[in-house]
Amino acid sequence: MYNAFFGFRENPFNLSPDPAFLYRSPQHEEALANLIYGVHSRKGFIVLTGEVGTGKTTMLECMRDYLESQYIEFAFLFNSRINTEQFFEMIAYDLDLRCAHKSKTEVLFALNQLLIQQANEGRTTVLIVDEAHNLEWDVLEEIRLLGNLENPRLGKLLQIVLAGQPELDRKLDAPNLRQLKQRIVLRCTLAPFGLAEAAEYINSRLRKAGMPDQEVFSEEVIKEVHLRSQGIPRLINAICDNLLLTAFALEKKTTSMDMLDEVCQDMRLEWPGKRLRGRSSFPGPNDPAEPPSFLSSREQY
């Protein structure tokens, strides 16, 4: 809606993962390098963890683009709330295995044939599981057993990437998964941005959208956006997107702290030491019980 107003070629703060807008912070560069290295070196199991909104799925999308460019066969499971039957069925569909997709035995035979064929041609095969912290115990055990598919000469035939929230690390620490934990060779963790990273993240997305020298967000606003988002990229995107929409509604080319307060109230954001300009986060005895009944500037659109 506001792209033409600000001169953007596309939305700079789209919430959908987009590898084209990847901000290559040192930690993201390291994570992506580890993922690619783990696949090429046939390390077997690789784990990527991070809090909600830190960019795990974007990393996986970048990895998927890389695998496609290298003609590496892979299965990408984005829905992890599945049972073992559905797990094998999804692998069969993604890898286009010539077998009865609902037969675990036939899927395993067909998968093994594919893995050997790929390995003999000097290529590997990858299984990527997003939201892996939601996997049931029996599905995780099946994944561990798939890691046993190897050849003395060719090494690990299937490279497995598990991505999830920190709960995944805690789940892997469970005694009944110690065999799986021992097979994990590489671990990557994505942390929230510091202030400098958050500022460069915002500026880089604006540059890629068509605004090389942005003056929409002042240093003060960026500092507050980082504080209120707690450095989480997805929240930074949501706040900035709403700020741009508010500025557009008010026909302003720059954002302000008042706009930020309005956005944060509408988003019901919480952050450490939460305070709005001139007010505590808790109503005082003389504050009105209900907010004024008028539409915010963004709600007009």
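What follows is a short walk through the overall build of this protein chain, one of its helices, and its nonpolar cores.

The model is a predicted one. Its protein chain carries 12 helices and nine strands, and its C-alpha atoms fill a box of roughly 70 × 45 × 35 Å along the principal axes. Of the 301 residues, 49% count as buried. About 15,500 Å² of the chain is exposed, with carbon and sulfur atoms supplying 49% of that area. As for charge, there are 34 positive and 42 negative side chains, and the centres of these two sets sit 4 Å apart. Contacts often reach a long way along the sequence: when residues at least 6 apart are considered, 72% of the contacts join residues at least 24 apart.

Helix α3 makes a handy place to start looking. This helix runs over residues 56-69, and its 14 residues should span 20 Å at 1.5 Å a residue; the end C-alpha atoms are indeed 20 Å apart, so the two values agree. Buried residues in α3 are K56, T58, M59, L60, E61, C62, M63 and L67. Their cover includes two kinds of element: the helix α2 (26-40), and the strands β1 (45-50), β2 (73-77), β3 (125-129), β6 (158-164) and β7 (184-190). After α3 comes Y71, which has a positive phi, near 55 degrees.

Then there is the matter of the cores. In soluble globular proteins, nonpolar side chains tend to be buried together. Here, the largest nonpolar core holds 36 residues, and F87, L97, L127, I143 and L146 have the most contacts inside it. At least two residues of this core come from each of β1, β2, α4 (84-94), α5 (104-120), β3, α6 (137-146), β6 and α7 (167-172). The top contributor is α5, which gives six residues. Apart from this core lies another, of 33 residues, with Y23, V225, C240 and M257 among them.

Two residues give a closer view of the packing. Setting aside neighbours within four places in sequence, L127 is in contact with A75, L77, F87, I91, L146, L158, Q159, I160 and V161. The other residue, F88, has its place in helix α4. F88 counts as buried because its relative accessibility is 3%, under the 20% cut-off. With neighbours within four places again left out, F88 is in contact with H101, K104, V107, L108, E142 and L146. One of these partners, V107, is 19 residues from F88 along the chain, and the C-alpha atoms of the pair are separated by 6.7 Å.

Note on methods:
Residues numbered from 1 in each chain as written. Predicted model: local features only at pLDDT ≥ 70, side-chain atom pairs only at ≥ 80, totals over all residues. Heavy atoms only, no water. Helix = DSSP H or I, 4+ residues; strand = E, 2+ residues; numbered from the N terminus. Buried < 20%, exposed > 50% of the residue type's maximum accessible area, 1.4 Å probe, protein only. Contact = heavy atoms within 4.5 Å. Areas by Shrake-Rupley, 256 points an atom, 1.4 Å probe, with all protein chains shown as cover. Lys, Arg positive; Asp, Glu negative; His and termini not counted. Charge placed at Lys NZ, Arg CZ, Asp CG, Glu CD. Expected span 1.5 Å × (residues − 1). Core = buried A, V, L, I, M, F, W, Y, C linked by side-chain atoms within 4.5 Å.
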